[in-house]
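Open the model in your viewer and get ready to select a few residues at a time. At each stop you will hear what to pick and what is there.

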Amino acid sequence: MPLERLAFHGLRNLQAVDLTPGPRINLFTGANGSGKTSLLEGIHVLGMGRSFRARQLRQAITHDTDAMTLHGRLTGNPPVTIGIRRHRERGELEMRLSGERLERVSRLVETLPLQLINPDTFRLLEGPPAGRREFLDWGVFHVKHDFLDAWRRFRRALKHRNALLRHGRISDASLDAWEQELVHWSDRLDAMRREWVELFLPVFEDTLTELIALPELSLRYSRGWDRKRQLADILRHGRDTDHQMGFTQQGPQRAELGIRLGKRPAVEVLSRGQQKLVVSALKLAQGRLLEEMTGRTCIYLIDDLPAELDNDHRRVFCGWLERMCCQVFITSVDPHALADLWQPDTQVTMFHVKHSESGQGQLLPMDRQTS
């Protein structure tokens, strides 16, 4: 479901925003520092309960404001509303979905599936495995209804085993009980992840092929423990070493989605522009698979799409966005960089973000057009 209304107050350097986005392509242009990325950040908070620009959400609150309030309305019958409020002094995040108070961020994630493509997305290639596990689990979460329950039960068992490992004297009986629980849910998580990867790979390869020719690029899922051994045996024989380290060294918490070009990590070989195309293919394929499996569509947040892409690759990228029939929010410094890349029947809704006299970012709608 696309967003049909956005209202932000107290978000960074933006003036109060009351925005009616278009159902397809929404393009925000303006100078650096005008507040374009803050608009994407506000949508991200609505769908994820956290910022992609700051560790603490209070850092996103306007400096002279006590609280930040974000509101979004999704099309539907009836429409679905999402509300977020974060006070500067009180740390609790208030979340509401169609008036109902939420206790878990997972309800936001489920309601508003988002894909973010920004400079930090390069971490999928160059960052630690945790980012690639998060990417993997996002996909599994949205197509496997029992994933979240299995993940929580696994984390609980892992937490208890780690606590016992750090305890002065280890009770074998207690370790046996929690290891049995840990193995059960680890195997379940691994099975769901493997099933998702098998579905994802052909979609990713198809998407990548149209963006860039990299026939030697491969994705490989590693479950986090020796594929030739049972996790129960590894945990039992590794107790002494794990006890010395103070944590469980093998398991789903060490899973990896390796991205290689030939025999080398892709990040060591690809140019910056090639890396952007690969991570973009990963994100686009996520949305394509979600639509294929569930009939739902992602909302894409793309910060500075033209950066590091030549005009031909921009055109191919935009073509994928058009074919997926999803709602997209794109920022660009140059208002002309993307203007001529859309098909004649594609609805492009354009906005300009500029500094007001008060120094805050002001959102000005431009003529709604079909480019």
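Start by selecting Arg 227, which sits in the loop between strand 9 (217-222) and helix 7 (231-237). Keep in mind as you look around that this is a predicted model. Is Arg 227 buried or exposed? Its relative accessibility is 63%, so Arg 227 counts as exposed. Now add Arg 220, Lys 228 and Arg 260 to your selection: together with Arg 227 they form a positive surface patch.

**The sheet with strand 9**

Next, colour strands 9, 10 and 11. They make an open sheet in the order 9-10-11, and the pairing is antiparallel. Strand 9 and strand 11 (264-265) are at the edges with a single partner strand each, so one side of each has no neighbour in the sheet. Zoom in on strand 10 (residues 256-261), which pairs with strand 11 over 2 bridges. To see where they meet, select Leu 261, which stands opposite Arg 264 in strand 11.

**A sheet of 6 strands**

Now move to another open sheet, where 6 strands follow the order 2-1-4-5-6-7 with antiparallel pairing. Which strands stand at its edges? They are strand 2 (17-19) and strand 7 (100-101); each has a single partner strand, so one side of each is left without a neighbour in the sheet.

Pick the loop between strand 4 (67-74) and strand 5 (80-87), and find Pro 78 there. The peptide bond leading from Asn 77 to Pro 78 is cis, with omega near 5 degrees.

Follow strand 5 onward: a hairpin of 5 residues links strand 5 to strand 6. These two strands run antiparallel and are joined by 5 bridges. One place to look is Arg 86, standing opposite Leu 93 in strand 6.

Stay on strand 6 (residues 93-97) and show its side chains. In a regular strand, side chains alternate between the two faces of the sheet. On strand 6, Leu 93, Met 95 and Leu 97 make up a covered face, while Glu 94 and Arg 96 make up an uncovered one.

Strand 6 also pairs with strand 7, in the antiparallel sense, over 2 bridges. Select Leu 97 and its bridge partner Glu 100, then Arg 96 and Arg 101, which stand opposite each other. The two strands form a hairpin with 2 residues between them. In that turn, Ser 98 has a positive phi of about 50 degrees although it is not a glycine. At 45% relative accessibility, Ser 98 counts as partly exposed, because exposed means over 50% and buried means under 20%.

**A covered strand**

Jump to strand 3 (residues 25-29). How many of its residues are buried? The count is 5 of 5. Turn the strand and compare its sides: Ile 25, Leu 27 and Thr 29 point one way, Asn 26 and Phe 28 point the other way, and all are buried.

Then bring up strand 13 (residues 327-332), which runs parallel to strand 3 and is joined to it by 5 bridges. Select Thr 29 and you will find Ser 332 of strand 13 opposite.

**Last stop**

Finish at Asp 304, in the loop between strand 12 (299-302) and helix 10 (311-324). Asp 304 has a positive phi, near 55 degrees, in a residue other than glycine. Its relative accessibility is 30%, so Asp 304 counts as partly exposed.

Conventions:
Residues numbered from 1 in each chain as written. Predicted model: local features only at pLDDT ≥ 70, side-chain atom pairs only at ≥ 80, totals over all residues. Heavy atoms only, no water. Patch = residues over 30% accessible without salt bridge, like charges linked within 9 Å, V, L, I, M, F, W, Y side chains within 5 Å. Areas by Shrake-Rupley, 256 points an atom, 1.4 Å probe, with all protein chains shown as cover. Salt bridge = Lys/Arg side-chain N within 4 Å of Asp/Glu carboxyl O. Lys, Arg positive; Asp, Glu negative; His and termini not counted. Charge placed at Lys NZ, Arg CZ, Asp CG, Glu CD. Helix = DSSP H or I, 4+ residues; strand = E, 2+ residues; numbered from the N terminus. Buried < 20%, exposed > 50% of the residue type's maximum accessible area, 1.4 Å probe, protein only. Pairing = 2+ DSSP bridges.
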